[in-house]
Amino acid sequence: MAEPEAVRLRRATEADGRLLLAWRNDPETRRWSHTTNEIALEDHLNWLRGVLASPARELFVAETGDGTPAGTVRFDRLDDTTWEVSITVAPQCRGRGLARRILAAGERELRDRGGGGTVLASVHEDNAASVALFRAAGYAEVRQPDSPTGRFRRLAKELEDG
């Protein structure tokens with residue numbers, strides 16, 4: 001059996017802006033997002049600058065062993081002990097089992113940076129692949145107030161400090 005494809009993370013930079021926007025505006029990505037409209041380049045770059053400058057956000061680009069960008073994982077601090085995770089797999093990298101490795105690498109990175117606590121995932125109820133990903137990674141469904149953007153499930157996992 002072939003060795004699983006390796007994934008490594010690096011911090012995102014402003015130079016990643018166009019690539020991240022292309023992934024964000026991909027129809028399949030938008031289908032499962034809270035905000036489904038296409039985002040303009042300038043709006044995206046302003047958002048990215050804000051994310052990169054924020055001490056309450058961690059944004060990583062995942063790369064395969066040969067350096068090919070394969071996706072992103074982002075953690076947004078909600079309070080002192082809670083983070084929300086967001087993951088994107090590049091369209092050309094889907095179907096290769098990379099999502100679970102990207103998520104696991106992101107969780108390790110968060111723990112190593114002292115980001116233990118609760119990690120929440122908000123997943124569209126019809127996105128069976130993402131629900132399965134988070135469940136396989138140890139996330140459990142939690143009750144939540146009505147989602148302001150419609151049909152989203154909330155899953156949670158406790159991370160130990162690194």
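A residue counts as buried when its relative accessible area is under 20%, and as exposed when that area is over 50%. Keep this cut-off at hand for the exercises below, which explore a predicted model.

**Exercise 1. Decide whether Phe 134 and Tyr 139 are buried or exposed, then find how their rings are arranged.**

Step 1: Phe 134 has a relative accessible area of 3%, so this residue is buried.
Step 2: Tyr 139 is also at 3% relative accessibility and therefore counts as buried.
Step 3: Now look at the rings. Their centres are 5.0 Å apart and their planes stand at 75 degrees. Planes over 60 degrees apart count as edge-to-face, so Phe 134 and Tyr 139 form an edge-to-face pair.
Step 4: The structure holds one aromatic pair, and you have just found it.

**Exercise 2. Trace the sheet: in what order do its strands lie, and which strands stand at the edges?**

Step 1: The open sheet has seven strands, arranged β1-β2-β3-β4-β5-β7-β6, with mixed pairing.
Step 2: β1 (7-11) and β6 (140-142) are the edge strands; each has a single partner strand, so one side of each lacks a neighbour in the sheet.
Step 3: On average, neighbouring strands are turned by 35 degrees against each other, direction ignored.
Step 4: Zoom in on β1. This strand runs antiparallel to β2 (residues 57-64), and five bridges join the two. Within this pairing, Val 7 stands opposite Thr 64 in β2.

**Exercise 3. Find which strands helix α3 lies across, and which strands helix α4 touches.**

Step 1: Helix α3 (residues 41-53) lies across β2 and β3 (69-79), at about 105 degrees to β2.
Step 2: Helix α4 (residues 98-112) packs on the sheet and touches β1, β2, β3, β4 (82-89), β5 (117-124) and β7 (152-159). The direction of helix α4 makes about 45 degrees with that of β3.

**Exercise 4. Describe the surroundings of Leu 20.**

Step 1: Locate Leu 20 in helix α1 (residues 17-24).
Step 2: With a relative accessible area of 8%, Leu 20 is buried.
Step 3: Setting aside neighbours within four places in sequence, Leu 20 is in contact with His 44, Leu 48, Leu 59, Val 61 and Thr 72.
Step 4: Compare sequence with space: Leu 20 and Leu 45 are 25 residues apart along the chain, and their C-alpha atoms are 9.6 Å apart.

**Exercise 5. What is the volume of the largest pocket, and which residues lie nearest its centre?**

Step 1: The volume is about 1300 Å³.
Step 2: The lining has 42 residues, with Thr 29, Ser 33, Ser 86, Ile 87 and Thr 88 nearest the centre.
Step 3: β4 gives the most to this lining, with six residues.

Technical notes. Residues are numbered from 1 along each chain as its sequence is written. This is a predicted model: local features need pLDDT of at least 70, side-chain atom pairs count only at pLDDT 80 or more; totals for chains, interfaces and linings use all residues. Side-chain values use heavy atoms; hydrogens and water are left out. Two strands pair if DSSP finds at least two bridges between them. Helices (H or I, at least four residues) and strands (E, at least two) are DSSP runs, numbered from the N terminus. Axes are lines fitted to C-alpha atoms, for helices over the stretch in contact, and angles run from 0 to 180 degrees between N-to-C directions. Contact means heavy atoms within 4.5 Å. Buried means under 20% relative accessible area, exposed over 50%, partly exposed in between (1.4 Å probe, protein chains only). Rings of Phe, Tyr and Trp (its six-membered ring) pair if their centres lie within 6.5 Å; planes under 30 degrees apart count as stacked, over 60 as edge-to-face and the rest as tilted. On a 1 Å grid over the protein atoms alone, a cavity is a set of points where a 1.4 Å probe fits but cannot get out, and a pocket is an open set with protein on both sides within 12 Å along at least five of seven lines; lining residues have an atom within 4 Å of a point. Grid points are joined across faces, edges and corners, and a volume is the space filled by probe spheres set on the points.
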